[in-house]
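Student: I'd like a close look at a single part of this protein, taken slowly. Could you pick a spot and walk me outward from there?

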Amino acid sequence: MEDAERECQKIFSNGDAYLGYFKGMLPHEKGKYTWSDGTVYEGDWEAGKMTGKGNIIWLSQAKYEGEFSGGYFHGFGTYIGSDGSVYKGSWKMNIQHGIGRKQYPNSDVYDGCWREGVRDGSGTYAWNSGNRYIGNWKKGNMSGRGVMKWFNGDVFDGFWSNGLRHGTGLYRFSDGSYYFGTWTKGLKDGPGTLYPAGRMRMSKHNLEERECKRKKQLSYNFSKKSGKSVIPKRILSKKISSKFLRGSIRLSRSNTSLGHGDHSNSARENPSHERSCAMSHGIPDGQTERTDDMTVAYEREYIQGVLMKERVRNMSKLSRKSIHQFKFSKEVRNSSCMNIFDGHRSNYLMLGLQLGIRYTVDEITRVPMREVRSCDFGEQARIKMYFPSKGSKLTPTHRSKDFYWKDYCPMVFRKLRDLFKLDAADYMMSICGGDGLKVLSSPGKSGSFFYISHDDKFVIKTLKAHELKVLLKMLPHYYDHVQAHDNTLITKFFGVHTIALGHRKKVHFVVTGNIFCTELRIHRRYDLKGSTHGRFTHKDDIDESTTLKDLDLTYEFYMDRSLRESLFSQLSLDSAFLESLQIIDYSLLLGLHFRAPEHLKSLLEPPDSLHNPERTDNTSVDGVITEGEFLIPPKGLLLVTHEPTSVSTTPGPHVRGSTLKAYSIGDKEADLLLPGTGRLRVQLGVNMPAQATHKLTHDETDTSEVELFEVYDVILYLGVIDILQEYNLKKKMECAFKSLKFDPITISAAEPKIYSKRFLSLIDRIFPLRP
């Protein structure tokens with residue numbers, strides 16, 4: 001205390017009092033300060049500010065004991081609130097920041113990482129009810145990979161977003177059964193597989209009685225064949241009505257904040273209902289029980305929490321993907337969210353790709369923007385760079401092997417990214433960020449393999465040497481086409497690169513936008529060419545990520561008249577452009593997001609609520625009027641006048657251009673309103689609403705007297721892909737030579753002009769005019 005005066009007491013004009021040491025006129029070293037409102041601090045001071053160790057007590061009896069800096073809680077300390085909550089851990093400028101443990105007034109406990117006063121990072125939350133979550137957090141909510149264990153023994157291990165299950169995961173029931181599938185905002189959404197456990201018994205009489213009640217209540221005829229729907233579809237008859245039924249289901253649910261009630265209960269499955277559903281379907285006539293000797297699994301498909309399809313499968317006949325899921329479920333049993341995906345080795349190619357893109361995009365951004373010149377095109381317009389692992393004057397050190405890098409036509413792709421309204425920094429962060437790239441398997445026979453950015457915005461595909469040449473050759477024409485047509489549906493190219501690791505073979509890459517980077521889950525993906533030869537997918541190999549083909553598509557899509565005209569007009573321009581470049585074999589990539597009808601939400605209610613004896617034949621359920629066995633729900637997809645302040649107008653990685661106009665609202669620019677979910681901007685190829693109809697065959701119905709159709713509300717996402725296959729005479733001769741083995745349509749499509757006609761014929765067939 002050499003710099004401080006001796007201890008003394010001072011009373012200030014505002015009523016505050018200080019007893020301790022001073023440095024000049026300021027409290028310094030040790031001292032006790034009492035504010036006029038009764039708050040007391042006792043501890044270390046430095047030049048008039050609380051700095052060091054001390055404790056402070058407020059009139060409300062809240063207290064803090066720990067480290068201070070510059071008058072703030074800063075460092076390690078313990079805070080006891082007036083409500084009884086206790087936090088012990090790290091602080092930064094009066095805010096919980098770092099590692100800490102908090103016990104809430106209701107005895108809930110969180111132990112883990114904090115960021116600026118909220119739970120963020122890895123941590124454990126234990127509810128007073130006995131539920132427990134271990135995993136990642138973001139902005140105070142469960143987000144990322146995590147494991148939730150309920151007091152009754154149920155466990156969910158998978159991905160979360162904003163406090164709700166979101167993404168893939170595994171739900172293990174307390175009886176040992178498993179469900180492996182996908183969720184969206186807390187609801188099952190997409191394909192999954194239920195693996196029952198133990199012996200399941202149910203009499204045939206009870207089963208038939210339950211099915212009879214369900215038919216009367218939900219207007220649905222259960223199918224006894226595997227692979228058929230197990231929920232009431234909107235089935236229409238031409239003889240009964242020509243009006244389409246529409247409906248939707250809300251994705252969002254109320255979310256009580258943690259620390260103010262048992263929020264975890266809202267995320268639980270209904271195990272009794274789940275298992276009862278498993279036992280009530282797929283039991284053949286005359287069979288009264290299913291034993292462990294005949295182990296089965298239930299392959300299911302959900303849309304916003306509603307069970308749409310179910311297929312009963314013997315374990316011996318499960319697809320490879322389902323068996324992999326089953327093996328995964330066994331491994332998860334004793335694993336935590338922290339170690340399941342550990343052990344992946346570094347991918348030198350991926351790291352080299354990230355380093356190269358970061359370097360060249362950063363370098364080209366420094367060059368003043370100018371108009372693209374003819375010399376900016378061609379194979380010789382490139383940046384070449386050597387990246388030694390030890391680093392150089394121009395390149396950083398890295399953990400990959402030494403590699404050579406080429407960046408083709410950098411000025412052109414910089415201008416293209418500008419036309420697509422992509423910010424250079426956002427582009428680099430998506431591809432080159434610390435989260436790395438995800439590896440995808442090839443969806444076709446090309447032999448290419450794919451990476452996808454961690455935020456799903458960009459797809460990086462390997463190219464063959466001849467595809468690289470075609471792309472560089474067509475680039476000047478492509479650039480002109482993109483400038484002339486804002487709404488083009490042709491693949492968006494953002495960069496072309498080559499990597500050579502040591503003396504190994506060169507690998508060519510192209511970066512494109514991901515058509516399926518959307519706010520809504522894509523339930524079906526199709527690659528359509530208008531051909532029939534080999535254009536189907538085996539049912540056992542289909543899951544949510546499978547890209548289906550022409551013969552797998554059994555729907556027709558009815559759209560708003562103006563939206564349909566805009567789509568046809570642009571696809572005609574795009575196909576004419578590809579025809580002029582002698583391009584063949586391109587595809588229409590189509591993604592479907594299905595909306596579950598509003599009246600099917602009753603399936604999410606407790607089983608007892610489905611059998612209310614007070615209901616009559618003509619009544620109303622959640623605003624849905626029932627007439628006998630036909631439900632008339634409200635509209636689920638609404639086109640409304642565009643309001644820029646109500647929707648995001650930021651262009652995505654695969655789209656740019658204007659908002660589309662809709663005939664149904666007076667040819668005004670349109671937004672898509674999804675009741676209970678949100679509002680989206682309608683653009684060409686993005687957020688395009690339609691009604692999908694599927695004509696049922698006699699095998700799928702119980703009657704042949706009327707024509708029946710399944711009708712669904714869907715949202716379409718589409719684009720033209722695979723545009724790097726150039727027509728040549730040699731290919732035509734090879735097709736002619738093997739004519740006996742080829743579908744006639746495929747052979748005739750070798751001519752670019754014929755191919756474009758076939759492509760437009762495909763569009764006309766799957767998007768017919770309304771009758």
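Tutor: Let's start with lysine 461, which counts as buried because its relative accessibility is 16%, and the cut-off for buried is under 20%. Keep in mind as we go that this is a predicted model. Lysine 461 sits in strand E27. Leaving aside residues up to four places away in sequence, lysine 461 touches Ser448, Phe449 and Phe450, then His508, Phe509 and Val510, and also Asp722.

Now follow strand E27 (458-463) to a neighbour: it is one of the elements that the buried residues of H7 pack against. The others on that list are strand E24 (403-408), helix H5 (410-419), strand E28 (493-501), strand E29 (507-513) and helix H8 (561-580). Which residues of H7 are buried? They are Glu467, Leu468, Val470, Leu471, Leu472, Met474, Leu475, Tyr478, Tyr479, His481 and Val482. When you read that list, it helps to recall that an α-helix has 3.6 residues a turn, so residues three or four places apart point the same way.

Helix H7 itself deserves a moment. It runs over residues 465-484, and at 1.5 Å a residue those 20 residues should span 28 Å; the C-alpha atoms at its ends are 29 Å apart, so the two agree. Even so, H7 has a bend of about 50° at leucine 475, and proline 476 follows within four residues. Leucine 475 is also among the buried residues of H7.

From H7 you can step across to H8, since H8 is among the elements its buried residues pack against. H8 has a helical partner too: H8 and helix H11 (residues 752-766) pack at an angle of about 165°, with their axes 9 Å apart. That angle makes the two helices roughly antiparallel. Their crossing is right-handed. On the H8 side, the contact is made by Arg564, Phe568, Leu571, Ser572, Ser575 and Glu579. H11 contributes Pro752, Lys753, Ser756, Phe759, Leu760, Ile763 and Asp764.

To put this corner in context, the protein chain holds eleven helices and 42 strands. Of its 771 residues, 49% count as buried, and lysine 461 counts as buried too. Among contacts between residues at least 6 apart in sequence, 55% join residues at least 24 apart. The touch between lysine 461 and Asp722 is a nice one to find on screen.

How values were computed: Residues are numbered from 1 along each chain as its sequence is written. This is a predicted model: local features need pLDDT of at least 70, side-chain atom pairs count only at pLDDT 80 or more; totals for chains, interfaces and linings use all residues. Side-chain values use heavy atoms; hydrogens and water are left out. The expected span of a helix is 1.5 Å times one less than its number of residues. The bend at a residue is the angle between axes fitted to the seven residues ending there and the seven starting there. Buried means under 20% relative accessible area, exposed over 50%, partly exposed in between (1.4 Å probe, protein chains only). Contact means heavy atoms within 4.5 Å. Axes are lines fitted to C-alpha atoms, for helices over the stretch in contact, and angles run from 0 to 180 degrees between N-to-C directions. Angles under 35 degrees count as roughly parallel, over 145 as roughly antiparallel, 65 to 115 as roughly perpendicular and the rest as oblique. A crossing is left-handed if the near helix is turned anticlockwise from the far one by less than a right angle, and right-handed if clockwise.
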